[in-house]
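Colleague: I am new to this structure. Please take a close look at its backbone, and then tell me what else belongs in that picture.

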Amino acid sequence: MHRSYRKPSNDTIAEEYVTAHIIDGAKIAEDIRNQVKREAAALKAKSGITPGLATVLVGDNPASHAYVRSKRKTTADLGLESFGYEMPKETTQAEVVALVRRLSADPKVHGILVQLPLPAHISEEAVLGEVALDKDVDGFNPINIGKLGMKNRSPTFAPCTPAGVIELLERTGTPLEGANAVVLGRSNIVGLPLSLLLLGRNATVTVCHSRTRDIAPLTRAADILVAAIGRTRFVTAHMVKPGAVVIDVGINEIADASKKSGKRLVGDVDFDAVKEVAGAITPVPGGVGPMTIAMLMRNTIRAAEIATAKCT
Ligand code: GUN
């Protein structure tokens, strides 16, 4: 449960806030990974099945390679099978589609992740539409995204970073029903699916984006503020309602001469200033970041359980 802000006690003390509860995404993600590890061992003991995740990476985007390396390492660390497919950037759409179709039919593969972005000549929609719905552990098959947005429908899986944000909110006891939730950013990977997940939990959702006029009055009305726009320290203290829960999805590199690498990571939120106003806040790093892979692992074990139930 996060601490709420303390109201000014009298007129002479204009502003007296309790520093925000820092939401420890690294610890929550570790708990989820440990749970997945136990469930994978139990599934193996019970049915002899090792959950398998196939990753498909096309091209030479260094960030994508780093993400996929990290996903594959965690997969193996938790006792799941990792099947890695790397294809050169010249690969045709037909070749990627053929691979994804093959993986969709392969009984050893329970989850399929196509790392995005794909090279510009390949249609993401065409490739993601080939991921079997029961193996769509990234939640990006257009059918699963469509179900995410519709009343009384449930996707087999929800996208991992948005699902990780919801998990952090729920684990910190943040009420979602009736809450004013403001999402900064409308990307296919985070902002859009997250706004649908929040709506599905009966929050009142406002999505702000690059064409939104006068953002601060909107963010100041937010009980829950999620920043996913990729702009360093965009959210300042005066944009935040006292006591709000602030979730920072941004991962931005800035120069830092005090670091051996000469750089460090910061989010979309001015953490030091906003933590003095917010009720709870995620740090960067160590907030939302570790949750993405944890949710991917959880989705993969669920996919293996679905496949096992179908066989028995
Ligand atoms: N690229 C950036 N984030 C993601 C993600 O969560 N899944 C996939 N497939 N690609 C990404």
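Modeller: First, some vocabulary: helices and strands are DSSP runs, counted from the N terminus, where a helix is H or I over at least four residues and a strand is E over at least two. This is a predicted model, so local features need pLDDT of at least 70 and side-chain atom pairs pLDDT 80 or more, while totals for chains, interfaces and linings use all residues. Residue numbers start from 1 along each chain as its sequence is written, and side-chain values rest on heavy atoms, without hydrogens or water.

Now the backbone. Most residues other than glycine have a negative phi, and most peptide bonds are trans. Two asparagines and two prolines deserve a look against that background.

Start with Asn202. Its phi is positive, about 65 degrees, and it is not a glycine. Asn202 lies in the loop that links helix 7 (191-200) to strand 6 (204-208). It counts as partly exposed because its relative accessible area is 46%. The cut-offs are these: buried is under 20% relative accessible area, exposed is over 50%, and partly exposed is in between, using a 1.4 Å probe and protein chains only.

Asn152 is the other asparagine. Its phi is near 60 degrees, again positive in a residue other than glycine. The loop between helix 5 (142-148) and helix 6 (160-171) holds Asn152. With a relative accessible area of 76%, Asn152 is exposed.

Next, the cis bonds. Val284 and Pro285 are joined by one, with omega about 0 degrees. Pro285 sits in the loop from strand 11 (280-281) to helix 10. Another cis peptide bond runs from Leu116 to Pro117, with omega near 0 degrees. Pro117 belongs to the loop between strand 4 (111-114) and helix 4 (124-128).

Leu116 takes us to the ligand. Which residues are around the ligand? They are Lys71, Val114, Gln115, Leu116, Asp138, Phe140 and Ile189. The test is a heavy atom of the residue within 4 Å of the molecule. Three of the distances to ligand nitrogen atoms follow. A polar backbone atom of Leu116 is 2.9 Å from a nitrogen atom of the ligand. From a polar side-chain atom of Gln115 to a ligand nitrogen the distance is 3.3 Å. For an N or O atom in the side chain of Asp138, the distance to a ligand nitrogen is 2.4 Å. On its own the ligand has 280 Å² of accessible area, and the protein covers 86% of it. Such areas come from the Shrake-Rupley method with a 1.4 Å probe; for residues, only the protein chains shown count as cover.

The ligand sits in the largest pocket. A pocket is an open set of points on a 1 Å grid over the protein atoms alone, where a 1.4 Å probe fits, with protein on both sides within 12 Å along at least five of seven lines. To sit in it, a molecule needs more than half of its atoms within 2 Å of the grid points.

Back to Pro285 and the helix after its loop. Helix 10 spans residues 289-311 and includes Thr308. Thr308 counts as buried because its relative accessibility is 9%. Beyond residues up to four places away in sequence, Thr308 touches Leu43, Ser47 and Ile49. Contact here means heavy atoms within 4.5 Å.

Arg302 is also a residue of helix 10. Arg302 is partly exposed, at 32% relative accessibility. Apart from residues up to four places away in sequence, Arg302 touches Glu39 and Phe157.

Helix 6, which follows the loop of Asn152, contains Glu167. Glu167 counts as buried because its relative accessibility is 11%. Its side chain makes a polar contact of 3.1 Å with the side chain of Arg298. A polar contact is a pair of N or O atoms within 3.5 Å; within protein, one must be able to donate a hydrogen and the other to accept it, and residues adjacent in sequence count only if both atoms are side-chain atoms. Leaving out residues up to four places away in sequence, Glu167 touches Ile32, Met291, Met295 and Arg298.

Finally, strand 6, which follows the loop of Asn202. His209 lies in the loop between strand 6 and helix 8 (215-219). His209 is partly exposed, at 25% relative accessibility. Neighbours within four places in sequence aside, His209 is in contact with Arg186 and Ile215.

Conventions. On a 1 Å grid over the protein atoms alone, a cavity is a set of points where a 1.4 Å probe fits but cannot get out, and a pocket is an open set with protein on both sides within 12 Å along at least five of seven lines; lining residues have an atom within 4 Å of a point.
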